[in-house]
Amino acid sequence: MSEPTISSRRGAFDRYGSTSPASRPDGLADILERVLDKGIIIAGDIRVNLLDIELLTIKIRLLIVSVDKAMEMGIDWWRHDPMLSTDAQALADENRKLRERVEELERDGE
Amino acid sequence: MVSESGTYVYAVGRNLDEEVLSGLEGVGGSSVRMISHRELTAVVSTVDLEEFGEAALRRNLEVLAWVEETARRHDEVVRRAAAITTALAPFRLVTIYRSDDAACDRIEELYDDLVLVLDRVDRRSEWSVKVFCRARSVPSATVEAASSGVAYLERRRAEIRDRQQAAGEQQMLADQLFWDLVPGAAATRRLPPQDQKLTGRREPMALNASFLVDDEHSTDFFELVNETRARYPSLDIEVNGPWPPYSFAVLDKP
């Protein structure tokens, strides 16, 4: 593991910048749990309905915290929420295709 | 009709040099710039309220692809800014003002608090430490055909019990490990462990912690982590960073 250099103007991008891919975490969850929940949280002039943001964070948090826990609690609507993952969309498409195929087979069987 | 614009604030820091960031693209595509207030500098960009206005945000924040793109760009700008100064306080995603002046007014209101935050994170970075429970080799249950339904159920029950016990022990170890690392940091924060679906790993995450570490002591911190690696062979330790000090740039009062 490389030692981070103390920032200076010269070669500064080594510290967080693109020159060291190893130190650039790509995990969306890692970024979201920081940019949505942490940092300086103050009201801007553009008021985002807090409830909306809360809902968003709750939705994302369900994914970040624990899918198992959510399912234990009987919460599974997020599984069908296309906003949460492209998986959900892919799943919906797959389901639709499968249904069509079943209908096709049933028709053939008659 | 000329569309309205706003000032999106990424972070506030000290000793930021605008030239170094020139040409960097902000959220929504316009260039990142800086506005100064007293000795503080805000890293901002102009955003179109067609995309970042109240109604638009309500819509856009429900679109994960938009949130992802915006969050990644926000993070990129914060990182670039953090790289050229020692003290930077990132703002939460989509903190937007009507104008540069309005942003400056808000910074003035919060001046004392921001200075405190900047002092706290000065010459320090955030390091993420995630701990995963290594998968244990469990004796295969399928080798021997179940002699009876009852025997099968009993064996399954025992397996589940063992697994729960092992998970409990590993959780305790992960907590211990966290405390072993605390002396190496100026401050710590624990984040909720992430779900396996997000980590893409089969092993559950037992610890998701952030450590604010003095830049000049980061090597010591890594050594500390390496020592714990040897001490906790059943845990897989992942260190990631440096992050801009997101988890530690928080206001003490709302």
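Start in chain B and select strands 7, 8, 6 and 9: these four form an open, antiparallel sheet in the order 7-8-6-9. Strands here are DSSP runs of E with at least two residues, helices are runs of H or I with at least four, and both are numbered from the N terminus. Two strands count as paired if DSSP finds at least two bridges between them. The edges of the sheet are strand 7 (187-190) and strand 9 (235-243) of chain B, each paired on one side only. From one strand to the next, the twist averages 20°.

The model is predicted: local features need pLDDT of at least 70, side-chain atom pairs count only at pLDDT 80 or more, and totals for chains, interfaces and linings use all residues. Residues are numbered from 1 along each chain as its sequence is written, chains are lettered from A and ligands numbered from 1 in the order in which they are written, and side-chain values use heavy atoms, leaving out hydrogens and water.

Next, select strand 7 with strand 8 (residues 205-214) of chain B; four bridges join these antiparallel strands. Pick B:Ala187 and find its bridge partner in strand 8 of chain B, B:Leu212.

Move to strand 6 of chain B. Nine of its ten residues are buried, so strand 6 is largely enclosed by the rest of the structure; buried means under 20% relative accessible area, exposed over 50% and partly exposed in between, with a 1.4 Å probe and protein chains only. Strand 6 of chain B pairs with strand 8 of chain B over nine bridges, in the antiparallel sense. Label B:Arg124, which stands opposite B:Asp214 in strand 8 of chain B. Seven bridges join strand 6 of chain B to strand 9 of chain B, again antiparallel, and B:Cys133 stands opposite B:Leu235 in strand 9.

Now add helix 7 (residues 149-181) of chain B and helix 9 of chain B, which pack at about 150° with their axes 10 Å apart. Axes are lines fitted to C-alpha atoms, for helices over the stretch in contact, and angles run from 0 to 180 degrees between N-to-C directions. The two helices of chain B are therefore roughly antiparallel, a term for angles over 145 degrees, as against under 35 for roughly parallel, 65 to 115 for roughly perpendicular and oblique for the rest.

Show side chains at this contact (heavy atoms within 4.5 Å): helix 7 of chain B supplies B:Leu177, B:Asp180 and B:Leu181, and helix 9 of chain B supplies B:Phe221, B:Leu224, B:Val225, B:Thr228 and B:Arg231.
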